[in-house]
Amino acid sequence: VLDDIGLPQEEEAMVLSGAELKAQLLEAIADYETWQCDYFTTFAPVMDVTDGLLLQLYTAIQAEKQQLEAHNGLVTKGAKAAKQLLARSEVVWQRLWSEHEARAHEHTTTLNEECTAMLQ
């Protein structure tokens with residue numbers, strides 16, 4: 001099992017006294033604390049910058065989302081207004097077409113009567 005974690009054979013066979021084991025543990029703890037201090041000294045500024053950039057990105061995304069929602073509201077309003085205008089123009093178009101058909105029928109009827117009268 002010790003071979004799996006990379007301990008040399010001589011350390012595997014070594015029997016440590018309680019004081020030696022305690023000294024090795026204290027050394028390992030000191031090494032860990034030194035590493036942790038170096039880690040936070042090295043990476044804490046990087047993490048602060050990263051957090052700041054992420055906050056700026058989130059803020060920018062929220063602002064863009066609000067602008068899109070406002071724009072979407074305007075587009076929806078515009079679409080409704082265009083739909084209403086289209087409906088009104090369709091009514092006007094139908095009325096004009098009906099009047100055109102009536103006048104065309106009247107004109108055709110008048111021409112037909114005049115031509116009939118001329119032919120008699």
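Trp93 first. In this predicted model, Trp93 has a relative accessibility of 54%. Exposed means over 50%, so Trp93 counts as exposed.

Now its partner. Trp97 has a relative accessible area of 40%. That value makes Trp97 partly exposed. Both tryptophans lie in helix α2, which covers residues 18-119. They are four residues apart, about one turn of the helix.

How many aromatic pairs does the structure hold? Five. Trp93 and Trp97 make one such pair: their ring centres are 6.1 Å apart. Their planes meet at 25°. Planes under 30 degrees apart count as stacked, so this pair is stacked.

Next, the aromatic cluster. Which residues form it? Tyr32, Trp35, Tyr39, Phe40 and Phe43. Trp35 is in helix α2. Now look at the surface there. Tyr32, Trp35, Tyr39, Phe40 and Phe43 also help make a nonpolar surface patch. Val46 and Met47 are in that patch too. Its area is about 700 Å².

On to the chain as a whole. What is the secondary structure? Two helices, and zero strands. How much of the chain is buried? Buried residues make up 0% of the 120 residues. The cut-off for buried is under 20% relative accessible area. The accessible surface of the chain comes to about 11,100 Å². Of that surface, 63% belongs to carbon and sulfur atoms.

Cysteines next. Cys37 has a relative accessible area of 47%, so Cys37 is partly exposed. Cys115 is at 43% relative accessibility, and also counts as partly exposed. How many disulfides are there? Zero, from a search of the whole structure.

Last stop, Thr109. Thr109 is also found in helix α2. Buried or exposed, or in between? In between: at a relative accessible area of 31%, Thr109 is partly exposed. Where does its side chain reach? To the backbone oxygen of His105, at 2.6 Å.

To recap. Trp93 and Trp97 stack in helix α2. A nonpolar patch of about 700 Å² includes Trp35 and Phe40. The chain has two helices, and the structure has zero disulfides.

Key. Residues numbered from 1 in each chain as written. Predicted model: local features only at pLDDT ≥ 70, side-chain atom pairs only at ≥ 80, totals over all residues. Heavy atoms only, no water. Phe/Tyr/Trp six-rings, centres within 6.5 Å; stacked < 30°, edge-to-face > 60°. Buried < 20%, exposed > 50% of the residue type's maximum accessible area, 1.4 Å probe, protein only. Patch = residues over 30% accessible without salt bridge, like charges linked within 9 Å, V, L, I, M, F, W, Y side chains within 5 Å. Areas by Shrake-Rupley, 256 points an atom, 1.4 Å probe, with all protein chains shown as cover. Salt bridge = Lys/Arg side-chain N within 4 Å of Asp/Glu carboxyl O. Disulfide = S-S within 2.5 Å. Polar contact = N/O pair within 3.5 Å; in protein donor to acceptor, adjacent residues only side chain to side chain.
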